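Let us read this structure slowly, through a short series of questions and answers. Please keep the sequence and the 3D view open as you go.

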Protein chains: 2
Amino acid sequence: MAIKFEVIKEEKYTGARLGKLYTPHGVIDTPIFMPVGTQATVKTMTPEELKEIETQIILSNTYHLYLRPGHELVKEAGGLHQFMHWDGPILTDSGGFQVFSLSSLRNITEEGVTFRSHLNGSKHFIGPEKAIEIQNALGSDIIMAFDECTPYPSNYEYVKNSLERTIRWAKRCKKAHKKESEQALFGIIQGGTYQDLREQSVKEMLELDFPGYSIGGLSVGEPKDLMYQVLDYTIPLMPKNKPRYLMGVGSPDALIEGVIRGIDMFDCVLQTRIARNGTAMTSMGKIVIKNATYERDFSPLDPNCHCYTCQNYSRAYLRHLFKTKEILGLRLTTYHNLYFTLQLMKNIRQAIKEDRLLDFKKEFFLNYGYTQ
Amino acid sequence: MAIKFEVIKEEKYTGARLGKLYTPHGVIDTPIFMPVGTQATVKTMTPEELKEIETQIILSNTYHLYLRPGHELVKEAGGLHQFMHWDGPILTDSGGFQVFSLSSLRNITEEGVTFRSHLNGSKHFIGPEKAIEIQNALGSDIIMAFDECTPYPSNYEYVKNSLERTIRWAKRCKKAHKKESEQALFGIIQGGTYQDLREQSVKEMLELDFPGYSIGGLSVGEPKDLMYQVLDYTIPLMPKNKPRYLMGVGSPDALIEGVIRGIDMFDCVLQTRIARNGTAMTSMGKIVIKNATYERDFSPLDPNCHCYTCQNYSRAYLRHLFKTKEILGLRLTTYHNLYFTLQLMKNIRQAIKEDRLLDFKKEFFLNYGYTQ
């Protein structure tokens with residue numbers, strides 16, 4: 001087995017889990033947030049900086065790496081860790097999400113998906129076996145089964161047919177996966193916002209006995225309350241002794257709400273994407289650094305933050321960097337947003353240890369400006 | 001006096017100088033190359049990274065900082081060092097070069113230059129007093145007298161009139177400069193490619209007794225041989241006990257040729273600009289990293305280089321970053337090019353110490369692919 005998962009503690013009032021996930025490239029304290037390195041780089045950051053902010057695991061995208069530079073090239077380079085100079089754990093997604101959301105002229109059959117590259121229109125095919133072949137070549141620690149992430153809203157019949165095909169694809173992924181001792185293959189639970197379909201998906205995925213499970217098809221445009229409802233009825237059906245990963249979710253409120261409901265792992269491009277647009281997450285909510293109000297503000301982004309950016313630079317300087325389109329501005333804001341989020345996860349873990357997660361949530365929401 | 005300059009040694013065969021320049025923010029070993037931080041940031045780099053590659057002094061641009069964020073704002077921030085979190089020496093140019101090269105609708109009078117911003121067309125005036133006022137507000141260690149850098153080619157009359165005005169402006173700069181104990185004001189020698197005008201410029205500038213002198217108006221499109229000729233007849237007229245700064249020159253051959261002729265300081269945007277276009281300087285000449293030939297080249301940019309980039313990343317990975325337009329590619333290549341250039345200067349200083357600068361030149365030119 002490539003990974004081992006231990007639940008160390010369940011929080012007294014919520015059941016939120018504190019855990020340890022052992023992978024071939026290191027041990028991860030859960031619950032955890034995974035910065036996204038779409039194209040074999042977490043945008044603007046070096047691996048050393050990722051370690052400095054205590055990144056424990058990163059996510060990279062199968063679809064993108066398959067197109068550029070190609071998984072065979074990454075394999076020749078010695079695998080993704082070596083290629084990108086990151087020696088910590090890596091999770092790769094299945095490519096399914098991007099095949100369905102980015103590519104054009106998709107044709108879905110039982111066999112897999114024929115699509116055209118969003119880059120140059122070239123024609124490609126990815127099915128379950130190919131998705132595993134690519135991820136085997138990349139050499140990530142955790143790999144995902146090929147799935148269809150249904151959009152929101154989708155009608156019942158479409159979601160049912162899709163999730164049943166995703167389960168048949170998961171079986172084929174399991175069969176195709178040749179490196180079980182080096183890479184852990186996770187199953188993905190789909191079913192949209194239909195309770196009986198989520199139940200069906202969990203039930204049939206559990207029969208395949210994957211070492212971990214993710215919940216897909218959320219944070220795709222549905223209201224947050226509806227996402228939380230789906231988590232409320234889905235998570236209790238999932239095994240307690242395996243990691244639970246909520247895909248593509250990463251806003252501070254959703255991280256806290258997800259952990260409260262029993263999630264162990266998250267990933268999201270939000271932190272890095274808004275950073276590059278000049279939006280910083282702070283303990284007092286988001287700030288848009290280009291705003292004129294910060295022109296002569298010589299205080300740090302977040303006075304409560306101990307990150308490199310906040311220790312050394314002012315809002316006025318960051319605003320100047322964004323106004324002049326200087327790359328250092330993107331770097332410093334990305335660094336801060338990721339640090340902020342990883343610290344949030346650390347604080348969440350501490351709150352679980354001390355059985356005060358609901359108090360922590362209350363305080364965080366109040367300061368951040370969320371309504372409860 | 002803000003600075004002190006010592007010539008420690010002259011090379012036996014060329015007279016190239018090894019020196020120490022003491023500034024309010026640190027001691028600089030000369031000859032030195034100054035990375036350019038146009039808008040209060042050396043593009044893509046943090047100050048810590050600049051220190052890691054042994055940057056001793058950076059240059060920043062008066063014209064750009066005057067327009068954005070404004071020198072008054074920088075002053076409020078505690079000066080340029082504090083604003084940009086760089087505690088080493090800084091040299092600022094006079095703004096003259098950009099006023100003449102970037103702005104539109106310039107109107108030059110004896111008083112100064114009225115121009116429109118290249119950013120938004122707004123109308124501004126900079127004359128000698130204003131150029132000093134701005135640089136006093138920025139608080140750089142070395143400031144430059146306001147000058148006109150004449151283009152190449154320019155006719156004799158134009159150059160003569162211009163250099164005479166530049167000398168009158170230099171007198172006004174000296175008079176306007178209120179912080180002689182904190183900031184050293186350098187005079188700029190102009191005169192285009194006319195020997196008698198260079199002689200006139202040196203003679204009249206020396207009468208003003210500045211603590212250092214720069215040679216301006218070169219590397220503006222003239223053939224390199226012509227530039228070396230101008231250096232050959234200009235430098236011997238300059239005082240031995242003061243630093244000599246060749247402005248805007250930074251290609252490896254010109255750095256070596258300049259030092260051989262007695263130059264102590266250089267600056268250039270070449271290193272950082274070509275890095276962002278994906279061109280790396282290596283001990284075996286320049287390489288264009290996007291070229292298909294590097295697609296599966298898993299060796300470093302320069303196998304003889306000990307920089308962070310070369311120790312940890314392959315040409316194939318860097319090519320991938322440039323092909324996918326990832327910021328990390330710009331960072332890593334900029335880091336390497338600046339490291340390469342600062343190492344070159346270090347090697348030049350060592351060669352002066354050991355009286356083997358001409359041998360060093362021969363070997364470097366051979367490896368880099370320059371004809372001699």
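Q: What is the mean pLDDT of chain A?
A: This is a predicted model, and pLDDT is the predictor's confidence in each residue, from 0 to 100. In chain A, 100% of the residues reach 70 or more. The mean pLDDT of chain A is 97.

Q: Which kind of axis relates chain B to chain A?
A: Chain B can be laid on chain A with an RMSD of 0.0 Å, and the operation that does this is a turn of 180° with a shift of 0.0 Å along the axis. A turn and shift of this kind are therefore the relation of a two-fold axis.

Q: Which residue of chain B comes closest to the rotation axis?
A: The same surface serves both copies, since 100% of the contact residues of chain B recur in chain A. Taking the C-alpha position, the closest approach to the rotation axis by a residue of chain B is 3.9 Å, and the residue is I327(B).

Q: Are helices α10(B) and α15(B) roughly parallel or roughly antiparallel to each other?
A: Helix α10 (residues 252-260) and helix α15 (residues 357-368), both of chain B, have axes 11 Å apart and pack at an angle of about 170°. Angles over 145 degrees count as roughly antiparallel. The two helices α10(B) and α15(B) are therefore roughly antiparallel.

Q: How many residues of the contact of α10(B) with α15(B) are nonpolar?
A: On the side of α10(B), the residues that meet α15(B) include I256(B) and V259(B), while F360(B) and F364(B) are among those they meet in α15(B). The contact has three charged residues and no polar ones, and the number of nonpolar residues is 10.

Q: Which strands are the edge strands of the open sheet β7-β8-β9 in chain B?
A: Three strands form this open sheet of chain B with antiparallel pairing, and the twist averages 20° from one strand to the next. Three bridges join β7(B) to β8 (residues 113-116) of chain B, and N107(B) stands opposite T114(B) in β8(B). The strands that pair on one side only are the edge strands, β7 (104-108) and β9 (123-126) of chain B.

Q: Where in chain A is P153(A), which follows a cis peptide bond from Y152(A)?
A: The peptide bond from Y152(A) to P153(A) is cis, with omega near -5°. The place of P153(A) is in the loop between β10 (142-144) and α7 (156-176) of chain A.

How values were computed
Residues numbered from 1 in each chain as written. Chains lettered and ligands numbered in written order. Predicted model: local features only at pLDDT ≥ 70, side-chain atom pairs only at ≥ 80, totals over all residues. Heavy atoms only, no water. Pairing = 2+ DSSP bridges. Helix = DSSP H or I, 4+ residues; strand = E, 2+ residues; numbered from the N terminus. Axes fitted to C-alpha atoms, helices over the stretch in contact; angles between N-to-C directions. Least-squares fit on C-alpha atoms with pLDDT ≥ 70 in both. Contact = heavy atoms within 4.5 Å. Parallel < 35°, antiparallel > 145°, perpendicular 65-115°, else oblique. Nonpolar A, V, L, I, M, F, W, Y, C, P; charged D, E, K, R; others polar.
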